[in-house]
Amino acid sequence: MPGLPPPADGERQTLIEFLRFNQNAFFAVAHGLTDEQARATPSASALSVGGLVKHAAGVQRGWLNRVLAAPDFPAPDPRPLEEQMAEFADQYVMRDDETLTGLLDDLRTVNDDVLVAFAERDLDTRVPVPHQVPWFPSDVDSWTVRWVGFHLIEELTRHAGHADIIRETCDGATMYELMAAHEEWPETDFVKRWRPAS
């Protein structure tokens, strides 16, 4: 992954490349972390890098299900509301029984599924708005698949930024040196690969 999304021909490929770029940010920000570091909450936020990796998978999975069901709603979740809300809260936390490798593997799978969906689905297909969700608008009945793609870029960008701050608070590592290490960029006078402190 280079430091910027590549040029792309057409709307669909541009959307896919920006999605891919922001999906991959989580692998760079997690590069070289132990499970303990990934679980840590060293900043003012209650979030951890591992929790944000987990949330990036969860939020994409939720929207992917909506895109794949469109123009209908996904099948309703039969579980009690309390169980659904507990799962939603758990999506932000890297539990003691979870590993960073496992969370990244799950994210990689979801990322691939999302990219396939946006390569294949009609971008003008209407995705219905669930009016029972309090943070969704009550005066909008549907979005397009295109809108969902841009919303996912927004979500991933916001949370990758959160993860950058948490990672820098954890061990001082910053975005470009982590990207350089994760992608094995050639080193220059301007960019060096991140290395663990000796």
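## Aromatic pairs and the aromatic cluster

Two rings of Phe, Tyr or Trp, the last taken by its six-membered ring, form a pair if their centres lie within 6.5 Å. By that criterion, a search of the whole structure, which is a predicted model, returns 8 aromatic pairs. One of them joins Trp 135 and Phe 136, whose ring centres are 6.3 Å apart and whose planes meet at 80°, an edge-to-face arrangement. The two partners are set in contrasting surroundings: Trp 135 is exposed, with 57% relative accessible area, whereas Phe 136 is buried, at 17%.

Trp 143 and Trp 147 form a stacked pair, because their planes are at 5° with the ring centres 4.2 Å apart. Trp 143 is buried, with a relative accessible area of 8%, while Trp 147 is partly exposed, at 35%. These four residues belong to one aromatic cluster, which also takes in Trp 63, Phe 88 and Tyr 92.

Another ring is accompanied by a charged group. Arg 167 lies over the face of Trp 194, at 4.9 Å from the ring centre.

## Nonpolar cores

In soluble globular proteins, nonpolar side chains tend to be buried together. The largest nonpolar core in this model comprises 44 residues, and Leu 19, Phe 26 and Phe 118 have the most contacts inside it. Four helices, H1, H3, H5 (100–120) and H6 (145–171), each supply at least two residues of this core.

Leu 19 illustrates how the core is joined. Neighbours within four places in sequence aside, Leu 19 is in contact with Val 114, Leu 115 and Phe 118, and also with Gly 149, Leu 152, Ile 153 and Leu 156. Apart from the largest core lies another, of 5 residues, among them Ala 28, Met 179, Ala 180 and Trp 185.

## Helix H3 and the buried Gln 23

Helix H3 spans residues 49–69, 21 residues in total, and reaches 31 Å from its first C-alpha to its last, close to the expected 30 Å. This helix is mostly covered, with 16 of its 21 residues buried.

Which side chain makes a polar contact with the side chain of Gln 60? The partner is Gln 23, at a distance of 2.8 Å. Gln 23 is placed in helix H1 (residues 10–29). Its relative accessibility is 1%, so Gln 23 counts as buried, the limit being under 20%. Beyond residues up to four places away in sequence, Gln 23 touches Gln 60, Leu 107, Asn 111, Val 114, Leu 115 and Leu 156. Val 114, Leu 115 and Leu 156 are also among the residues in contact with Leu 19.

## Arg 95 in the loop between H4 and H5

Arg 95 lies in the loop that links helix H4 (81–90) and H5. Is this residue buried, exposed or partly exposed? Arg 95 counts as partly exposed, because its relative accessibility of 32% falls between the limits of 20% and 50%.

The side chain of Arg 95 makes a polar contact with the side chain of Asp 97, at 2.9 Å. Residues up to four places away in sequence aside, Arg 95 touches Arg 39, Lys 54 and Asp 90. The C-alpha atoms of Arg 95 and Gly 50 are separated by 8.9 Å, although the two residues are 45 apart along the chain.

How values were computed:
Residues are numbered from 1 along each chain as its sequence is written. This is a predicted model: local features need pLDDT of at least 70, side-chain atom pairs count only at pLDDT 80 or more; totals for chains, interfaces and linings use all residues. Side-chain values use heavy atoms; hydrogens and water are left out. The expected span of a helix is 1.5 Å times one less than its number of residues. Buried means under 20% relative accessible area, exposed over 50%, partly exposed in between (1.4 Å probe, protein chains only). A polar contact is a pair of N or O atoms within 3.5 Å; within protein, one must be able to donate a hydrogen and the other to accept it, and residues adjacent in sequence count only if both atoms are side-chain atoms. Contact means heavy atoms within 4.5 Å. Rings of Phe, Tyr and Trp (its six-membered ring) pair if their centres lie within 6.5 Å; planes under 30 degrees apart count as stacked, over 60 as edge-to-face and the rest as tilted. A charge sits over a ring if NZ of Lys or CZ of Arg is within 6 Å of the ring centre and within 35 degrees of the ring normal. A nonpolar core is a set of buried Ala, Val, Leu, Ile, Met, Phe, Trp, Tyr and Cys residues joined through side-chain atoms within 4.5 Å.
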